[in-house]
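Please take a moment to look over the sequence and the model together before reading on. The paragraphs below go from general terms to one helix, then to the cores and the cysteines.

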Amino acid sequence: MATCRICGDELHPERAEKYDYCTKRSCRERAAKGLTIASVGVNKAADQFVVLDERTEEEMARGRFKKEPEASGLPRRRPRTPPAHAAQPAPELVPRSSARPSRPRWSQAQERLALTYRAMGMTPEQIAGKLGVSPYLVTQILLTASA
């Protein structure tokens with residue numbers, strides 16, 4: 001029968017399958033090991049945490065947790081360069097905005113009603129039901145109006 005490596009008491013067979021120490025508080029405190037936790041960036045909203053052990057260190061070395069993992073087996077695209085003999089004048093680039101025009105997606109009447117309903121204590125879901133729009137749009141109306 002297996003025994004606790006700290007106090008020498010006998011271990012239950014099921015416990016002995018995973019641990020070499022007993023469940024007494026003093027034995028658990030002496031045998032406990034600290035875990036090293038690594039934060040792996042997933043996106044801007046949240047991080048993923050992993051226990052840093054031999055396996056995760058190997059995965060990190062292989063590049064599993066890279067910011068932009070490379071797709072294996074796919075050839076990299078190189079920027080296409082025009083041939084040297086085809087010297088054409090470069091077209092003049094005119095800067096233009098890729099952003100949409102800043103026109104709100106709601107009318108002034110909807111904004112006034114949303115503010116009035118909010119002052120009455122209604123939730124965005126209730127206001128959306130009254131105006132016939134989504135709760136998200138009501139929230140956008142309220143945030144824009146209060147700014």
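A residue is called buried when its relative accessible area is under 20%, exposed when that area is over 50%, and partly exposed in between, with a 1.4 Å probe and only protein chains taken into account. Helices (H or I, at least four residues) and strands (E, at least two) are DSSP runs, numbered from the N terminus. This is a predicted model, in which local features need pLDDT of at least 70 and side-chain atom pairs count only at pLDDT 80 or more, while totals for chains, interfaces and linings use all residues. Residues are numbered from 1 along each chain as its sequence is written, and side-chain values use heavy atoms, with hydrogens and water left out.

The protein has six helices and two strands, and from the N terminus on these elements follow the order α-α-β-β-α-α-α-α. Of the 147 residues in the protein, 18% are buried.

Helix 6 (residues 135-146) is a good place to begin. Its buried residues are Leu137, Val138, Ile141 and Leu142. They lie on the same side of helix 6, because they cover an arc of only 140° around the axis, the arc being that of the directions from the helix axis to the C-beta atoms. A general rule helps here: an α-helix has 3.6 residues a turn, so residues three or four places apart point the same way. On the other side of helix 6, Tyr136 and Leu143 are exposed. The cover over the buried residues of helix 6 includes helix 4 (108-119) and helix 5 (124-131).

These helices meet again in the largest nonpolar core, which has 11 residues, among them Trp106, Met122 and Ile127; a nonpolar core is a set of buried Ala, Val, Leu, Ile, Met, Phe, Trp, Tyr and Cys residues joined through side-chain atoms within 4.5 Å. Helix 4, helix 5 and helix 6 each supply at least two residues of this core, and helix 6 gives the most, with four residues. Apart from this core lies another, of six residues, including Leu11, Cys22, Cys27 and Ala31.

What, then, of disulfides in the whole structure? A search finds zero of them, a disulfide being a pair of cysteine sulfur atoms within 2.5 Å. The sulfur of Cys27 is 3.4 Å from the closest cysteine sulfur, in Cys22, which is too far for a bond. Cys22 counts as buried because its relative accessibility is 7%, and Cys27 counts as buried because its relative accessibility is 1%.

Conventions
Contact = heavy atoms within 4.5 Å.
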